[in-house]
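Please open the model in your viewer and keep the sequence panel beside it. The stops below each begin with a selection and then describe what is found there.

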Amino acid sequence: MPIQSIRIPQMGEGLQEALLVEFLKQPGEMVKRDEAIYVMETDKASTEVESPFSGRLVAWLVKEGTVLPIGTEVAQMEVEGPASTNHSGGHSPSQTTSSSASDRSTGTVLSHASATMSATTKVRATKPNRFVPPRTRAYLKDKGLLDVADEIPCKGTKLTPEDVDHYLATASHAHGSVDRDSADDVASQSTYDERPVPKQQITLNYRLVRSMQTTVPVTVMNEVDWTAMASARQQIKAAGGTETSFYLMLWCVAQALSHHPLFRSSISSDGTVLRTYRDVQFGIAVALPEDMLVTAVVRAPEGMSRDEFFASVNRQIDLARQGVDQADPSITISISNIGTANMRFGIPAIVAPAVATLALGEVFDAPVPDGAGFRFQKRAQLTLAFDHRVINGVGAAAFMNDLKYLIETFSIA
């Protein structure tokens with residue numbers, strides 16, 4: 001049976017890369033055409049990608065949790081029947097595989113159809129049709145020459161490590177004389193450790209980079225009186241409860257979100273469509289060992305009692321602490337408790353495709369006027385980063401002021 005390539009399909013105009021989240025089929029399994037075989041995440045949505053062929057999955061050529069250019073060959077399949085009876089189903093053009101394993105590595109298949117691949121995989125050089133394959137790019141990075149890749153002469157349309165070696169052998173370069181051998185000697189004498197970036201961090205990095213590329217971040221701050229929250233926490237503790245004042249604040253956030261639909265919204269990648277979710281759903285940043293972060297998600301709390309809400313928060317945070325990241329494109333706002341790290345305030349990052357992140361700082365005692373003197377009052381700083389493409393300053397202020405009111409008037413009665 002012929003071997004066919006499975007490639008990341010073009011899912012929308014202008015899309016250059018996607019995050020491969022999860023494999024749904026394993027090598028050796030039989031797959032039907034149009035059956036879901038893996039999950040990918042883009043700036044638009046998480047999508048189950050269907051097989052363009054019927055046959056047996058031979059191998060995955062990439063890893064889960066990897067950011068890949070559109071058109072990348074991700075798998076190979078033994079196809080049932082003549083190749084002409086199977087169609088690409090929206091995938092990049094497939095071809096019978098005859099290349100070696102090194103030629104099948106991520107990002108090496110380049111054609112007119114893959115001209116939109118990101119610069120992280122294909123580095124354009126001075127000649128319009130020349131590119132730098134991943135193997136050469138890694139070699140350039142090792143030699144500290146990524147920034148001058150377009151200055152290195154090559155014999156053909158593809159820059160090779162041999163071209164780089166020839167360039168290094170010259171006495172000087174266009175950007176000035178550099179003793180590369182001395183630099184390599186210094187590097188070889190340095191001691192360092194290397195390890196793969198964890199899958200969870202790759203996923204978070206992908207979303208953060210998307211945010212940097214697409215959002216227009218603005219930050220506002222509001223200091224709130226924490227007296228009512230602290231009092232309610234003491235009452236809960238006296239009754240044997242374990243909920244912290246952060247949980248109480250999350251309850252207030254849920255109430256505020258129900259009245260501010262823009263904070264339940266996301267915007268399309270081209271900025272022309274605003275999607276507003278009917279139910280409240282928000283993420284909670286959960287810290288894991290080794291400075292890892294995952295997201296717990298609370299969905300549709302509107303119909304819950306307060307005890308049901310707290311139980312839901314506990315369940316989702318417990319899952320997150322087990323390493324289960326629950327974020328998806330429907331999560332439009334995330335909440336982070338930076339006060340647990342003894343930080344009074346900080347400017348949070350927006351994690352795409354969310355439109356806002358709210359950070360609660362450390363609760364502190366502050367002097368406030370009291371008649372002719374002063375008294376100390378427990379206070380906390382709330383910091384909101386929001387995407388100005390979706391929410392304007394007045395809308396952000398209205399949300400923060402409503403949240404401030406709910407916090408300062410909170411009661412468990």
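Begin by selecting residues 364-370 and 373-387, which are strands E18 and E19: the two run antiparallel and are joined by seven bridges. Within this pairing, pick alanine 366 and look across to E19, where its bridge partner is glutamine 377. Then move to the turn of the hairpin, which has two residues between the strands, and select glycine 371, whose phi is positive, near 65°.

While phenylalanine 364 is within easy reach of the selection tool, display its ring together with the side chain of arginine 344, which lies over the face of that ring at 4.0 Å from the ring centre.

**The whole chain**

Before going further, note that this is a predicted model, and colour the protein chain by pLDDT, which averages 81, with 81% of the residues scoring at least 70. Two stretches deserve caution in any later use of the coordinates. Over residues 84-129 the pLDDT stays under 50, and the model has 101 contacts for this stretch beyond four places in sequence; over residues 171-178 the pLDDT also stays under 50, with 10 such contacts in the model.

With a cartoon representation switched on, the protein chain shows eight helices and 19 strands. Of its 413 residues, 43% count as buried, and among contacts between residues at least 6 apart in sequence, 62% join residues at least 24 apart.

**The four-stranded sheet**

Next select E1, E8, E6 and E3, which in that order form an open sheet of four strands with antiparallel pairing. Its edge strands are E1 (3-7) and E3 (30-31), each of which pairs on one side only. Zoom in on E1 and on strand E8 (residues 73-79), which pair in the antiparallel sense over five bridges, and label isoleucine 3, which stands opposite glutamate 78 in E8.

**Aromatic rings**

Now show the side chains of the aromatic residues, among which the count comes to seven pairs. In one of them, phenylalanine 23 and tryptophan 60 have ring centres 4.1 Å apart and planes at 10°, and because planes under 30 degrees apart count as stacked, this pair is stacked. The pair links distant parts of the chain, since phenylalanine 23 belongs to strand E2 (residues 17-23) and tryptophan 60 to strand E6 (residues 55-60), 37 residues apart. Phenylalanine 23 is buried, with a relative accessible area of 13%, and tryptophan 60 is likewise buried, with a relative accessible area of 13%.

For another view of the rings, select Tyr247, Trp251, Phe282, Phe309 and Phe310, which ring pairs link into a cluster.

**Helix H6**

Select residues 245-257, which make up helix H6: at 1.5 Å a residue its 13 residues should span 18 Å, and the end C-alpha atoms are 18 Å apart, which agrees. How many of the 13 residues of H6 are buried? The number is 12, so the helix is largely enclosed by the rest of the structure. The buried residues include Tyr247 and Trp251, as well as Phe246, Leu248, Met249, Leu250 and Cys252.

**Strand E14 and the loop after it**

Move on to residues 281-288, which are strand E14, and pick valine 286 within that strand. Is valine 286 buried or exposed? Its relative accessibility is 5%, and because buried means under 20%, valine 286 counts as buried. Leaving aside residues up to four places away in sequence, valine 286 touches Met292, Leu293, Val294, Ala296, Ile317, Ala320 and Arg321. A distance label from valine 286 to asparagine 337 should read 8.7 Å, C-alpha to C-alpha, although the two are 51 residues apart in sequence.

Continue into the loop between E14 and strand E15 (292-299), where aspartate 291 lies. Aspartate 291 has a positive phi of about 60° although it is not a glycine, and with a relative accessible area of 71% it is exposed.

**A last stop**

Finish in the loop between strand E16 (333-337) and strand E17 (356-360) by selecting asparagine 342. Here too the backbone merits a check, as phi of asparagine 342 is near 65°, a positive value in a residue other than glycine; the residue is exposed, with a relative accessible area of 55%.

Definitions and conventions:
Residues are numbered from 1 along each chain as its sequence is written. This is a predicted model: local features need pLDDT of at least 70, side-chain atom pairs count only at pLDDT 80 or more; totals for chains, interfaces and linings use all residues. Side-chain values use heavy atoms; hydrogens and water are left out. Buried means under 20% relative accessible area, exposed over 50%, partly exposed in between (1.4 Å probe, protein chains only). Contact means heavy atoms within 4.5 Å. Two strands pair if DSSP finds at least two bridges between them. The expected span of a helix is 1.5 Å times one less than its number of residues. Rings of Phe, Tyr and Trp (its six-membered ring) pair if their centres lie within 6.5 Å; planes under 30 degrees apart count as stacked, over 60 as edge-to-face and the rest as tilted. A charge sits over a ring if NZ of Lys or CZ of Arg is within 6 Å of the ring centre and within 35 degrees of the ring normal. pLDDT is the predictor's confidence in each residue, from 0 to 100.
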